[in-house]
Structure formats: structure tokens, C-alpha cells
Amino acid sequence: MAEVDSIFTIKQLYSNIEIARAFLTAKGINDPALLLEALKNSGGLRVAAYKKGAKSSSEISLEDVLTAAFVEANDQKKVGRLKKYRMHGEILLDELKKHDRTNNNNPFHKKIPILVNGLCVTDYRSGRKSGIDPYSNSHLFSTLFIEAVNGRFPFEFLDMFRLVYVQPVPYIQTPAVKEEFSEISTHYSSRQDSPNEFYLDNELIGLEEMLRGRIEAEVNPEIHAKNGIGFGALIKFGDIIPKRGNSVYDPALLSLKQIEQVLKASPDLVSEDATFNGVIDLKKYLELKRYEIHLNTQVMAIKFAQILDLMFPHIIETMKEYGIRGIPLYMEKTSDSARIIENTLAYSETPLKFHFVGGEQGILASTPELMPFMGICHPTAIGRLIGFIENVYMTWSKRFVKSARRVNIKPKEIINKVRYQSVDEYPFFLLENGTRDKHPNIHDLAKEILSEDEAGHVREFAYTHRIGFSRIEPRIVELMTRDTSIYCGFRTMDKSNRRWLQELDGKKIITSDMIPGFFEMPSIKNARVNDNSGENQQGGPQRIKSDFRGSEFSLPTSPRLDHAWFAKYYEHISDDEGSFGTSDTGASLDIGCSIEKIITSMQREKRKELLKEQLSREAQDVVEEFFRTHTQEMESIFAIRGTAIHKVSSTPLDGLVHYDTLRKAGIEPRASDCYTETPFLHTITAKDLCYLKSHTDLKHRITRPFTVSIHPDAYLFLEREDTQDTYSDGEKSNSEGKINIERRITKNYDLIILDTKTNRVTPYPEHKYLLQTFFYGWLIKHIVEEELGLCEQGISGQEGQYGKDGQNRDEQNSGEQSSNGQHRERVKVHNIYTVLNKNAFYRGFYNKGDTKREEPMPHATYREQKFSPITLFTPDDIMHEVILNMLGNIIEEKEGIQHGNICFADYKSQQEKHGRCEKCYMEHQLVCKLLKEKSEKEGKINRLNM
């Protein structure tokens, strides 16, 4: 289960200081000297080898570390995004100080706090622990706690408890009743078979942030007013409700062990002359981290000491009443959270006492495993917590008979639908289990379609970076059968999430050939004619020549669509005339470098000719650098390798045994050309833009139709329930005097776009790839709805029921004239889901003394490929509008540069100011350099790239 809804990672000392600012200020600590004095007075200076005024062997001092952290914490540019967390602390401090003798409104009055470990398991399989907020879907403990208490205890009893998480942002949860049940009588009935147990007739109990009301009323509006992102979900009833997450802290913030575990991956790194990432001395790095971790722990202790001191007077009588020997600690005894709470004793002003849930041995005593990795999510731990609550319940209810029911927490079973083997001639092409001795399989395909050079480049890449590659079919199976959280729209705009299997519920997975007329659409037929016109130098199909290719969105110079970009975007669309306006370098909307887009669209032979000319002018070191990543024929090794991997992953082959793998996802076997690499070629006109109802008037900026083309790596449809609409014409009647009635059936679908990336990076929906994959989905949706008969635009009075050729769209689709009671079908695409299929990576570490070469790894350690988080775009998502406007501006800029309307040299200078020239591929940089020189002589470049 992947965590995707957290929006900020706390991992720096200065961040922790800023978040704790309210508590530090309350203690009179507002500079590094005062904090250092507080640490000294409390005995908090326990870092090894520290002496006041003395430098360590690596010339690092605690004073220096603390001073640097405060400098960063006082820099508003760095801590601006921490404001909401600082405000959370200010409100919490204010609430804890509340006390009225006649009406005690302190949130801990007559309550029982339970201090909970800050780290929680987020993955049943690996046991990986993360500092995510407890309202996240992936926070397993809060999910399991809700499951354990529902039906076991009444709400009014549970309302006595407060779960206090030992995190940089101290979330405090109170039990809550789901809102739709709030007006229903909360009646508790005793079971006949077990009179000592109670269950709720109508209530569903969850967990809610104690400060939720004030945060939503005070913090969120202030943050939103400045175009920031406020707090997300602050209430939880399970792990399937769409929500937006909050903070997450890096475990390494409080633990050196987390850093050391990463370093253990290579023995060479711990040598004396080792370097960390080639930048900092390892020994110095570890010492710096040791100081920072110690300071983080002390800052947390100062904060929690105040929290506990302020709640102490309000809880002491309640704890005595229920025989609780100290503030309950629900955490592993050896955890960082336990260490922080222990340190609070040094800063506390009240006689705090603590008591581990589960007794002296803690929550993990007597577990079946020697080293339980589930921590607070372990069934034994949950059982001890429920046992503690049940003991309190007996006193509360005056029923001194303990429940016979036991807590039975079973981890969700994660089944691998596909397992892989790495064998035979191509160990880096992974075979699904059961296909090794069946033919033709992926190895047969590789032998048939790969040249020796292609196989060699793939082999070298796989050995160097320790990765393997599979066919697309098992990837589809894994995608369609494994649950995860998914993003809802572009992350800059929306941090909410949903559950993937819920999105698939009630929908049938189909391939494009199951949609009648799909492969007969003009946009595909014309593309295939163009695509089969010849082959390129690498032996593959010739690229479709078009004004814009969808892959241009994924170029390194593509803009990052962040808050600043969208602020400028909204500024443009608020223009009364709907125009974006222009500057001296063309349209002012940031759409990346159009020069690079022009260069990528050049004919390959023309680009080689320009490269050869420019390389003849360059210094020898530049030439050598170029040929490190290119063949002597000036072909990119990256491109050759990527093309080869894509071919093996997707090329159809009669009888390929991998097609049978699709059955595991409920898909009947199909040749891969039904769901991969389909060429689309479509003409965009002003009418198309009106048809899609963009809020901006782009038709005035499009002087001529332009073509766009895409080759999606893989795509699937989800068939939804059909809908039927009935239309009648009350004014006209047929020859028999009856009113014409038309029944139109709409075939509803969702669309999934998969894009395979062969670089060795952690799967993540980077902005440029998300733009590319969404554009693929947007264009396919547009093509399908236009060419298979959707005619919603008649409502707006723009294009009406008729297409660009004047023919009735419904007649185009059905081939029949309207008659009384006729049924017609049309197609509509609703949601677009995008996902990146990237290779798993095993971090490559440099050999001692050689930073240019990496150590190969045995085949047995190859791991499965991974997916990035899935991103959902609904029909009303703003990206539908954004992509249109970006597309219009790109075409304008490309034409303006090619025809001399935009000065090439000036435009390049603007891109240099943006820092894009450094991101550009070296091949493109060299061509651009030559084009600039030629454009200064000849005025325009259109003759050079055609």
C-alpha cells in the first residue's frame, strides 16, 4: 500500500525548530544561545565528545550547528510552508492553557492521554515505518485502532481517551462519531450471549483531531488566502475514504540508525576515505547528523514537557480514579519516541510519571517473532492496548468481568499475481513463472527483434544499474490487481486521494479492440498509413510527422507546474479578452523551451548533419563528452536502449505466452497491438477547442489547423454502466403524425494511460511525465468522443449536432436516419488515470577510488519493476483547460520561431535566464548553438529543419 497523500516531509533541524516555535518562545528561547543554555541547565548536552567552546576532530561544534539551524529557521523563504504547522502549535498551546474554575474547558479535563509512538508501519509486507500523520490512509495503527474499538466500547466511554502522537507536529486524536449517524439515537444494547459486552446499533466510531474546529476556522483560511495548501484530512473512519494528507517526518530526523541502515548497503562507504554521494566526507557527515539528531530530540522533549505539564493538573484525578500508575506510553521501549518522552523529565516542571502499556516489558513482550517488525501495529501490541482500555472500561461501567473476546488483527494478505525468474541468455529480461519452458516467450522475442548492438546496450545498462525488465502484460496484471492510494488530479492543485480498487469496482477492463469502430477511426487509420511509410535508421517505424508530438511535454526543459506557474496562469485567464498577451519573446505563458521542441521534430538525418557541423567546431573535450553517450554514427545510446526495451516490452508476436498472463487480471488474451503503441494522428482546429469548451478563447490565436501525434506505450479502458437518454421533438412529427422519439445509448468508459520509463529512478509522477501522460489521455478522449459520435456540444450552441464536415454525428456513428423509437450509441470517456511504469532500482555505489564506474550485481538480486502513484483526472479537472492553453502557446511559439516572428537569439537568451539550457540534452544544446549562429545570419530557421 503506497503512501501518496502526505504533502510535506519534515527532515531538517530548522524545520523542527520552526514547528516548535510557540513552545520555545513560551520558555523564553528565541535564539541559539538561549537554547544552548537550556540544554546545559537540563543536562541535555550529552552528545559524544562535546565540550563547551571546543571543536571536535572534524571541526564541527554544537554551537555552529545550532546557529546555522536558527539562521534557516528565521528565513521566511525557507520556513514559509511551515507556517500552518507553527500555527497548529500556537493553537495547541492556547487550548492547553485554558482553565476556568467554574467551567473547565481544557480539552484534557477528566481525560486520559495515551502517548503513541510517532513512527508507524505503512506496509504490511516490508514493515517499513514512516512518520506519516495518523489521518493518512496508510497509517495502519489508526486504522487498526478504529477497527478494534468499533462494536466493543460505547462512544461516551471512548471519549475519555486522547491519543497523543510523539511527532514534530503533535497530532492529538479524540474519538468521533461519523456525521451521517450523529442525529440517530445512540442506543447501546447488550448481547444475549455475552451480557458483559456492548455494541453500537447505529454508530460508527472514528478518530478526529482535537484542534480540528479551530484549524479549519483559523489556519486553513489564512493559508488559502495566500494560495497555500492548508491542513488536509483531520478525521478518519477507515482507510478507503478519499482524503488529503498532512505532514510526514523522516525517521532519520530522530534516529542515526536510519542513516546507518542506508550506508550499510555498501561496505566501501564506511571506509576512511569514503564520500557520501561524492560531496561530503562520510565521517564528518555522520558527526553532523549525530549533533542534529540530538538537537531534534531535545527540541521535541522541550515541547512535549510543556504539553504534559499543562495537561497534568487536569488528568491527575482521573488517573487516580482508574488506578493508572502513570501517563500511558503506547510505544516500543527502545523507540525514538520513548527516548524523547524520557528526556521530557529533564524539562518538566511537574512530577511526571509514565507507564508503558503492557507493563515493564512493554507492548511487544511475548510476541511470536524474535524481532517483531510491526511495532505498534503488531497484533500483540494492539491486544495489550485494548486490554488496557478494557480495564478502564470495567471501572467506568461497573462491570468487573473482562471480555472473553480477543483482539484478532490479521495483516491484509498481499498476493503476488506474478512472480519473475531471471534466467538464460537474457537474465535482465524477466520471465513470469511458468513461461520459461513455454514458447515463444520474452527471450524468444528478444532474439528475434534485437540487434547485437541493442542487446549489448541493454545488457550493460542492466548489469551496471542492477535492474531487469519485463513484458507489459504482467505489469498490467499487477496494476489492475493491487490496491493503493491514488492522487486526485495534479498534485500542485489537489492533495486528496482515493483507493485504486474502489475506482475499479463495478467496471470491466477492456482493450481498445472491444470498442466497435475504434481502429477504424480516421485519427488511427491516417496515422497508420503515415507510420508505415518507411523505417528509420534504427529499423523501427518512421516517426509520424506532425506539428506537435505528445512526448515533447516530457522534455527536460518543460516547466514545473507549481503554485507560481498556476498563479501566472490564472492571471492570464482573468484577462477580459481571454488572450494571454505577448512579450518580446512570444506568448508569455510558460510552456518550456520551444527551440528544443523544434529540434526534436527535425528529421534525424538533418539533425545529424547539423551535429556533425557543430562538433567539427568544438573543443576535443566536448567531442569526447558527446561520444560517451552517443555511437560513432551519432545515435543516442539512451535512445537506442530505450527503444530496445520498449520493443521487447510491447512488440506483438503470434502465440506469445505472456498474453495468457492477462487472464490473472480478468482480461482475455489479446495481442499487444490492441493496447500498446497505437499511433494517433489528429488535426486540431479552432472548432475542436470550442468543442472541448475551454474557458479561454483560443480560436483567435490559432491561425491554421495543426496536427498532433502520440504513441502511448500502453492504454486500457474501463467499461462503465451504459446510460440511455430519450429525446423528443414536440414541434415536428413524422409522416404518420407521430412525434419523433430518439433514444440514445451512451457507452461510458474510463481511460488508463501507462507510460514506461527506462531510467533508474524511484517511481514518481514527475511533472513533465505527468503532462505527457495526461496529454495522451486527453487526446484519446477527444478523438474517441469526436469520431465515435459524442455530441454534447449542441447544448452550448457552438458546434451543435454536426461535425466539422457538416454531417450529423449520430448518423456518422449509427449509419441510420432518425426514426420513431430508434436507438443510437455514442461513446463518452469520463475519468483519465495516468501511471508511470518505471524500473526498480538498487542504489549503485561507486567503487573505491573510481567515481566513474559502478559495480555490477548478480542477476539473483534483480527486483521487480515498480509503478508510480496513479493519478486520476476527472472531466472537470483544470488540467483539461491547462493542456489546451499550453498546446496553443507551444504551436504559436514554434511557428513564431521558425517563421522569424520571434527572434531566435532573443528567445534563446530568455531560456538561458530560466536556466533551461543547462537541462537540455547535449545533442540539442549543440544543434541549438549552431542554429543561433545561422539564424543571426539568415534571419529565420525554418529552412534548416525541414
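This report describes strands, nonpolar cores, a helix, salt bridges and cysteines in a single structure, which is a predicted model.

**Strand 2 and its partners**

Strand 2, which spans residues 112-116, is mostly covered, five of its five residues being buried. In a regular strand the side chains alternate between the two faces of the sheet. Ile112, Ile114 and Val116 point one way from strand 2, while Pro113 and Leu115 point the other way, and all of these residues are buried. Strand 2 runs parallel to strand 5 (residues 161-165), to which it is joined by five bridges, and within this pairing Ile112 stands opposite Phe161. Strand 2 also pairs in the parallel sense with strand 15, here over two bridges, and Leu115 is placed opposite Leu329 of strand 15.

**Nonpolar cores**

In soluble globular proteins, nonpolar side chains tend to be buried together. In this model the largest nonpolar core has 111 residues, and Phe141 and Tyr330 are the residues with the most contacts inside it. Helix 11 (residues 282-321) gives the most to this core, contributing 14 residues. A second, separate core holds 48 residues, including Ile515, Leu788, Val882 and Leu887.

The surroundings of Phe141 can be described in more detail. When residues up to four places away in sequence are not counted, Phe141 touches Val116, Cys120, Leu163, Tyr165, Tyr330, Ile376, Cys377, Ile382 and Leu385. Among these contacts of Phe141 is Val116, a residue of strand 2 that points the same way as Ile112 and Ile114.

**Ser136 and helix 12**

Ser136 is found in the loop between strand 4 and helix 7 (140-149), where it is buried with a relative accessible area of 0%. Although Ser136 and Ala233 are 97 residues apart in sequence, their C-alpha atoms are 7.6 Å apart in space.

Helix 12, formed by residues 336-347, has twelve residues and reaches 17 Å from its first C-alpha to its last, a span close to the 16 Å expected at 1.5 Å a residue. The buried residues of helix 12 are Asp336, Ser337, Ala338, Ile340, Ile341, Asn343, Thr344 and Tyr347.

**Salt bridges**

The structure holds 46 salt bridges, and three of them are set out below with their N to O distances.

| Salt bridge | Closest N to O distance |
|---|---|
| Glu332 and Lys129 | 2.9 Å |
| Glu668 and Arg663 | 3.2 Å |
| Lys608 and Glu605 | 4.0 Å |

The salt bridge of Glu332 with Lys129 links distant parts of the chain, with Glu332 in the loop between strand 15 (327-330) and helix 12, Lys129 in strand 4 (residues 129-132), and the two positions 203 residues apart. Glu332 counts as buried because its relative accessibility is 9%, whereas Lys129, at 29% relative accessibility, counts as partly exposed.

The pair formed by Lys608 and Glu605 is local in sequence, since both residues lie in helix 21 (residues 604-615) and are three residues apart, about one turn of the helix. Here Lys608 is buried, with a relative accessible area of 12%, while Glu605 counts as partly exposed at 44% relative accessibility. Both residues also belong to a network of salt bridges that links Arg604, Glu605, Arg607, Lys608, Glu635 and Glu923. In the remaining pair of the table, Arg663 meets Glu668 and counts as partly exposed at 48% relative accessibility.

**Cysteines**

How many disulfides does the structure hold? The structure holds zero disulfides. Cys917 is in no disulfide, the nearest cysteine sulfur being that of Cys928, 6.1 Å away. For Cys920 the closest cysteine sulfur is in Cys593, at a distance of 6.3 Å, which is too far for a bond. A disulfide is counted where two cysteine sulfur atoms lie within 2.5 Å, and the 6.1 Å from Cys917 to the nearest cysteine sulfur and the 6.3 Å from Cys920 to its closest one are therefore outside that cut-off. As to accessibility, Cys917 counts as partly exposed at 22%, whereas Cys920 counts as buried at 13%.

Key: Residues numbered from 1 in each chain as written. Predicted model: local features only at pLDDT ≥ 70, side-chain atom pairs only at ≥ 80, totals over all residues. Heavy atoms only, no water. Helix = DSSP H or I, 4+ residues; strand = E, 2+ residues; numbered from the N terminus. Expected span 1.5 Å × (residues − 1). Buried < 20%, exposed > 50% of the residue type's maximum accessible area, 1.4 Å probe, protein only. Salt bridge = Lys/Arg side-chain N within 4 Å of Asp/Glu carboxyl O. Pairing = 2+ DSSP bridges. Core = buried A, V, L, I, M, F, W, Y, C linked by side-chain atoms within 4.5 Å. Contact = heavy atoms within 4.5 Å.
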